[in-house]
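Biologist: Before we discuss particular sites, please place the model in view. I shall then put my questions one at a time.

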Amino acid sequence: MTDLPERLSLREVGPRDGLQNEEPVPTAGKVALIESLSRTGVGRIEAVSFVHPRAIPQMADAAEVWAAVTPTPGVRYSALVPNLKGAQRALSAGFSEIEVVVSASDTHNRRNLNRSTEESLDDIAAILALVHDQGATCQVIVSTAWGCPFEGDVPVSRVLSVAGRALRDGADGLSYGDTTGMATPSRVTALVGETRSAYPDAALNLHFHNTRGSGLANVLAALQLGVSDFDASVGGLGGCPYAPGATGNIATEELVHMVEDMGVSTGVDLEAMIAVAAQAEVLVGRTLPSQVLRAGPRTRTVT
Ligand code: COA
Ligand code: ZN
């Protein structure tokens with residue numbers, strides 16, 4: 001395990017991927033969650049998305065949320081967008097890091113974004129031009145990268161072709177989303193390996209859901225290939241309203257707990273992240289799936 005990265009860059013996605021799948025919570029609660037997360041030492045936070053309020057009513061107040069947040073210096077905040085209109089809204093709200101999403105599988109893209117993957121890729125080319133013109137950056141998220149709830153397995157070649165188009169159009173980086181938790185370690189190794197061969201210079205972030213319990217195993221497989229950028233959500237908040245059976249992201253505190261003990265630093269204060277997971281449970285009013293939240297760190301003793 002000597003070739004694991006020394007340090008990870010984690011992106012906390014609970015305020016967006018998490019809260020979009022919960023009953024709507026008050027704007028002030030979202031702001032408080034983002035500000036609490038900002039004090040954990042996590043380096044990146046996906047704060048909101050600028051999507052159609054009919055598609056995701058939970059994100060209807062995105063601009064208000066961001067206007068009310070006091071950013072913590074040193075933390076990078078981003079907004080997810082589905083199309084050009086969303087990118088314009090994110091830039092006007094003051095974001096300088098944008099993520100635009102497209103699904104590798106056509107059926108999921110149509111259900112999520114109401115257009116084909118090709119049409120979204122054309123839209124993304126225009127988004128990249130706009131975002132760069134305004135001095136901002138844009139990561140392209142390729143969803144359903146390890147499989148689609150409607151089409152089943154998605155071929156590696158299909159993911160590579162979507163990623164390649166985005167990179168040719170100027171994407172600042174890629175993120176592969178395991179939208180419904182269909183990845184396994186061998187599939188992670190295969191897709192990451194093929195991507196590295198095809199696009200050796202592309203920055204690659206990975207986004208796993210724990211739908212089938214393989215989330216942290218998938219992270220470990222990617223770590224062994226040197227990947228150092230991962231999404232996770234506090235408490236394991238999350239899901240996808242357009243993907244039947246989707247459950248939460250891997251829990252940030254579980255990821256931190258595992259990798260820090262392997263000598264990989266995250267910058268995150270584990271106890272602080274566990275405390276925010278408890279705060280997130282109160283906010284959404286349900287028990288969250290994180291086991292480290294329940295059991296505490298491995299060194300916690302019974303008093
Ligand atoms: N934010 C707010 N309004 C938007 C918008 C956005 N990002 N994109 C489009 N609209 C508005 C348009 O202005 C237009 O308004 P009008 O009727 O008043 O003129 C209307 O929506 C229709 O525009 P159109 O481009 O035809 O959108 P659509 O109906 O095909 O919907 C999306 C496409 C992408 C906007 C919608 O499917 C969406 O928001 N999906 C996001 C799903 C999501 O967030 N999934 C989880 C994260 S991966
Ligand atoms: Zn997700």
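Biologist: This is a predicted model. How many residues surround ligand 1, and which are the closest?

Modeller: The structure is indeed a prediction. The shell around ligand 1 comprises 17 residues. The closest of them are H52, N83, R89, N112 and N114.

Biologist: What is the distance between an oxygen atom of ligand 1 and a backbone N or O atom of H52?

Modeller: Polar pairs with ligand 1 involve both backbone and side-chain atoms. A nitrogen atom of the ligand is 3.4 Å from a polar backbone atom of G86, and one of its oxygen atoms is 3.3 Å from an N or O atom in the side chain of R115. For the backbone of H52 and an oxygen atom of ligand 1, the distance is 2.7 Å.

Biologist: What percentage of the area that ligand 1 exposes when taken alone does the protein bury?

Modeller: Taken alone, ligand 1 exposes 920 Å². The portion of this area buried by the protein is 66%.

Biologist: Which element gives the largest share of the shell around ligand 1?

Modeller: By class, the shell has seven nonpolar, six polar and four charged residues. Two elements, α4 (84-93) and α5 (106-113), give two or more residues to it. The largest share is three residues, and it comes from α4.

Biologist: N114 is among the closest residues to ligand 1. Is N114 buried or exposed in the protein?

Modeller: N114 lies in the loop between α5 and α6, and its phi is near 65°, a positive value in a residue other than glycine. Most residues other than glycine have a negative phi. Because the relative accessible area of N114 is 67%, and the cut-off is over 50%, N114 is classed as exposed.

Biologist: T144 has a positive phi, near 50°. Is T144 buried or exposed?

Modeller: T144 occupies the loop between β5 (137-143) and α7 (156-168). Its relative accessible area is 0%, so T144 is buried.

Biologist: Which residues coordinate the zinc ion, ligand 2?

Modeller: The donors follow the spacing D-x189-H-x1-H along the chain. Both H207 and H209 are buried. At 2.0 to 2.1 Å, the zinc ion is coordinated by D17 (OD), H207 (NE2) and H209 (NE2).

Biologist: With which side chain does the side chain of S120 make a polar contact?

Modeller: S120 is found in helix α6 (residues 117-133) and is buried, with a relative accessible area of 2%. Leaving aside residues up to four places away in sequence, S120 touches V102, N109, L113 and R115. The polar contact of its side chain, at 3.0 Å, is with the side chain of N109.

Biologist: How is G43 classed by accessibility?

Modeller: G43 has its place in the loop between α2 (27-38) and β2 (44-49). Beyond residues up to four places away in sequence, G43 touches L10, G74, V75 and R76. The C-alpha atoms of G43 and R11 are separated by 6.6 Å, although the two residues are 32 residues apart along the chain. Because its relative accessibility is 28%, G43 counts as partly exposed.

Biologist: Which residues of helix α10 are buried?

Modeller: Helix α10 (residues 252-260) is mostly covered, with seven of its nine residues buried. The cover includes β1 (9-12), α9 (215-223), β8 (229-232), α11 (270-284) and α12 (291-295). The buried residues of α10 are T252, E253, E254, L255, V256, H257 and V259.

How values were computed
Residues are numbered from 1 along each chain as its sequence is written. Chains are lettered from A and ligands numbered from 1 in the order in which they are written. This is a predicted model: local features need pLDDT of at least 70, side-chain atom pairs count only at pLDDT 80 or more; totals for chains, interfaces and linings use all residues. Side-chain values use heavy atoms; hydrogens and water are left out. Donors are N, O and S atoms within 2.8 Å of the metal (3.2 Å for Na, K and Ca); water is not among the atoms, so sites may look incomplete. Buried means under 20% relative accessible area, exposed over 50%, partly exposed in between (1.4 Å probe, protein chains only). A residue is near a molecule or strand if one of its heavy atoms lies within 4 Å of it. A polar contact is a pair of N or O atoms within 3.5 Å; within protein, one must be able to donate a hydrogen and the other to accept it, and residues adjacent in sequence count only if both atoms are side-chain atoms. Accessible areas come from the Shrake-Rupley method with a 1.4 Å probe; for residues, only the protein chains shown count as cover. Helices (H or I, at least four residues) and strands (E, at least two) are DSSP runs, numbered from the N terminus. Ala, Val, Leu, Ile, Met, Phe, Trp, Tyr, Cys and Pro count as nonpolar, Asp, Glu, Lys and Arg as charged, and the others, Gly among them, as polar. Contact means heavy atoms within 4.5 Å.
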